[in-house]
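Thank you all for coming. Please take a moment with the sequence and the structure before I start, and keep both in view as I talk.

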Amino acid sequence: MYSKREIVIIYAIGKEGPFPDTLTKSLAGVPLLQRAINLALEITINSQIYVVSDTEEIDLISERSGVVSLIKKDLYDLFANFANESIIVSISPYCPLLTKRDIINALKVFKNNKSNFLLPVKRTTKTTVRYWEDREIVKYFASNLEKEAVLTVCPDFHIFSPQVLENNMSSLPSENRTYFELLSKSIEIRNPEDWWVCEKFLRRKRIIFRVIGSKTIGMGHIYRALTLAHEITDHEVLFVCDEESEMVVKKLTGMEYRYEVFSKKGIIEEIIKLQPHLLINDMLDTKKEDVSILRKKNIKVLNFEDFGTGAIEANLTINEMFDKPVLEGANILWGKRYYFVRDEFYDAKPHSFKSKIESLLITFGGTDQNDLTRKILFAVKEYCQRKGIKIFVVTGSGYVHYEKLKSEAEKFDKSFLEVTHATGVMSRIMEKTPIAIASNGRTVYELAHMNIPGIIVPVNEREKTHAFASKKNGFFPLNVFNKNTPNEVLKTLSELVENEALRKKHFDRTSGFNFKNNKRNILNKIEELLD
């Protein structure tokens with residue numbers, strides 16, 4: 001009798017392949033059959049793996065891998081020797097995107113449900129058309145299309161108990177069947193086009209973005225990571241964070257990318273388990289010991305906005321918001337030429353100079369935990385009313401004072417005050433506002449890109465170190481917010497509005513900036529690290 005270990009069967013009949021030598025042909029450098037055997041070896045020992053063969057070439061691959069090669073007739077004789085406690089996993093060699101993770105998880109479901117047969121399924125969407133009542137002609141527009149989720153059975157693998165071999169599967173009671181939803185891609189190679197797609201997937205590398213985001217930190221790190229992730233189409237991208245950032249990361253990335261949440265204490269070990277080729281840290285300062293462990297595991301590391309000891313240890317660190325080097329290291333890139341704007345700014349129209357100011361933007365980032373938005377708004381609103389300046393206020397999704405602001409804003413006519421919350425198109429509002437009052441984060445670069453001089457108020461000491469917001473670049477930098485700040489903002493705003501020559505000088509200083517092309521430079525750096 002055989003042991004209780006999982007028994008893997010690979011049905012490798014070459015003549016049934018979609019084209020000649022399918023199973024022995026190399027896919028992304030590894031023969032198709034060998035890929036299935038390698039996967040089986042991750043699940044059980046080689047003596048428990050059986051390849052059903054019909055050619056000498058397939059026998060040779062099996063022999064060199066140390067697994068058992070059988071003809072179809074011998075396999076059925078072998079079934080009788082399997083112990084009832086054995087679990088049989090049948091793997092299709094024509095589904096090369098199947099992963100160990102899926103099979104291991106499916107085995108857990110199979111055992112927990114105590115079923116006799118498990119089928120993998122994948123979720124797809126089926127589009128149905130609503131016909132016009134007269135049905136004379138099929139007319140449909142976007143409003144006439146409906147999508148519904150559909151689960152379809154996949155051929156990648158099956159899991160069953162030896163008892164199934166003694167019965168007609170179609171006669172099994174439905175309660176003895178279990179369905180398992182695949183997490184990985186499921187593509188069965190049936191033609192050369194499928195082969196090409198699978199090869200494209202298999203040559204991908206895994207990139208992990210480790211990000212932070214909260215009411216106190218803001219969401220700029222996540223937005224930057226997403227801007228890069230949207231451009232990375234040839235590789236697999238996923239996000240990782242700790243529990244403190246879970247809600248924000250889930251909200252901003254969960255619909256587009258797989259994300260994982262780990263405890264801060266064990267996050268490095270969990271990242272290593274995910275086996276990335278590249279880890280991109282956008283989480284402020286990193287530690288040398290953490291980066292060192294990753295690099296010893298042959299994981300490349302790229303850090304953004306990092307002054308920690310890990311900045312020097314990383315393969316590459318990019319501190320684009322600091323023009324003057326603070327750390328020594330040949331692997332650290334500094335300055336605004338590495339800053340890039342979000343995609344929405346690519347087609348946005350920068351301002352030309354106007355002699356009269358008719359509108360003003362007030363924005364303090366994604367969270368504005370100190371509620372500077374309301375404090376500044378009420379400091380300048382009377383002045384703006386007298387001067388006929390419309391105020392556009394933009395708050396982020398993490399701004400907890402929004403409801404209070406909204407109720408206060410309703411007292412004013414929309415022709416004077418317009419509040420926008422959690423917008424994904426800041427550029428549209430910036431196109432309407434030739435001057436601004438903002439915090440000293442990434443927004444300053446967006447203002448410069450749009451030729452908008454502004455009054456810049458750092459919300460904390462770290463923001464104060466962002467030296468780009470200077471008079472030489474067209475901005476009026478103030479100190480970190482304090483009780484005197486509202487008066488300082490009002491005084492500076494009146495100078496900016498009423499002194500056309502002063503405003504023209506600062507406008508000219510912003511007009512030389514364009515941050516559209518820098519993203520390609522960063523993406524090239526990423527590709528260099530992956531190569």
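**Pockets, a cavity, rings and a strand**

Let me begin with the largest pocket, where α1 gives the most to the lining, with five residues. I should say at once that this is a predicted model, and everything that follows should be heard with that in mind. The volume of this largest pocket comes to about 1800 Å³, and its lining is made up of 44 residues, with Leu97, Thr99, Ser184, Arg206 and Glu236 lying nearest the centre. Besides α1 (32-41), at least two lining residues each come from α4 (100-113), β7 (117-129), α5 (192-202), β12 (236-242), β13 (258-262) and α8 (267-273). In terms of class, this lining divides into 18 nonpolar, eight polar and 18 charged residues.

The second largest pocket has a volume of about 1100 Å³. Lined by 49 residues, this pocket has Met219, Gly220, Tyr223, Gly366 and Arg442 closest to its centre. Here α6 (220-229), β19 (390-395), α14 (443-449) and α15 (461-464) each provide at least two lining residues, and the largest share, six residues, belongs to α6. Sorted by class, the lining of this second pocket holds 15 nonpolar, 22 polar and 12 charged residues.

What about enclosed space? The structure holds one cavity of 30 Å³ or more, and the volume of the largest cavity is about 60 Å³. Its lining consists of His351, Ser352, Phe353, Lys354, Ile357, Pro434, Asn451, Pro453, Arg503 and Phe507, which by class makes five nonpolar, three polar and two charged residues.

Phe353, which I have just named in the cavity lining, brings me to the rings, since lysine 504 lies over the face of phenylalanine 353, at 5.8 Å from the ring centre. A second charge placed over a ring is that of arginine 462, which lies over the face of phenylalanine 307 at 5.6 Å from the ring centre.

Turning to rings that meet other rings, the structure holds 16 aromatic pairs, and I would like to take one of them in detail. Why is the pair of tyrosine 339 and phenylalanine 515 described as edge-to-face? The ring centres are 5.4 Å apart and the planes stand at 85°, which is over the 60 degrees that the term requires, so the pair is edge-to-face. This pair links distant parts of the chain, 176 residues apart, with tyrosine 339 in the loop between β17 (332-334) and β18 (359-363) and phenylalanine 515 in the loop between α17 (500-510) and α18 (518-530). Tyrosine 339 has a relative accessible area of 3% and is therefore buried, and phenylalanine 515, with a relative accessible area of 3%, is buried too. Both belong to one aromatic cluster, formed by Tyr339, Tyr445, Phe468, Phe475, Phe513 and Phe515.

Finally, let me turn to strand β16 (residues 316-319), from which Leu316 and Ile318 point one way and Thr317 and Asn319 the other, all of them buried. How many bridges join β15 to β16? There are three, and the two strands, β15 covering residues 300-304, run parallel; β16 and β17 are likewise parallel and joined by three bridges. Threonine 317 is worth following across the sheet, being the bridge partner of asparagine 303 and standing opposite isoleucine 332 in β17.

Notes
Residues are numbered from 1 along each chain as its sequence is written. This is a predicted model: local features need pLDDT of at least 70, side-chain atom pairs count only at pLDDT 80 or more; totals for chains, interfaces and linings use all residues. Side-chain values use heavy atoms; hydrogens and water are left out. On a 1 Å grid over the protein atoms alone, a cavity is a set of points where a 1.4 Å probe fits but cannot get out, and a pocket is an open set with protein on both sides within 12 Å along at least five of seven lines; lining residues have an atom within 4 Å of a point. Grid points are joined across faces, edges and corners, and a volume is the space filled by probe spheres set on the points. Helices (H or I, at least four residues) and strands (E, at least two) are DSSP runs, numbered from the N terminus. Ala, Val, Leu, Ile, Met, Phe, Trp, Tyr, Cys and Pro count as nonpolar, Asp, Glu, Lys and Arg as charged, and the others, Gly among them, as polar. Rings of Phe, Tyr and Trp (its six-membered ring) pair if their centres lie within 6.5 Å; planes under 30 degrees apart count as stacked, over 60 as edge-to-face and the rest as tilted. Buried means under 20% relative accessible area, exposed over 50%, partly exposed in between (1.4 Å probe, protein chains only). A charge sits over a ring if NZ of Lys or CZ of Arg is within 6 Å of the ring centre and within 35 degrees of the ring normal. Two strands pair if DSSP finds at least two bridges between them.
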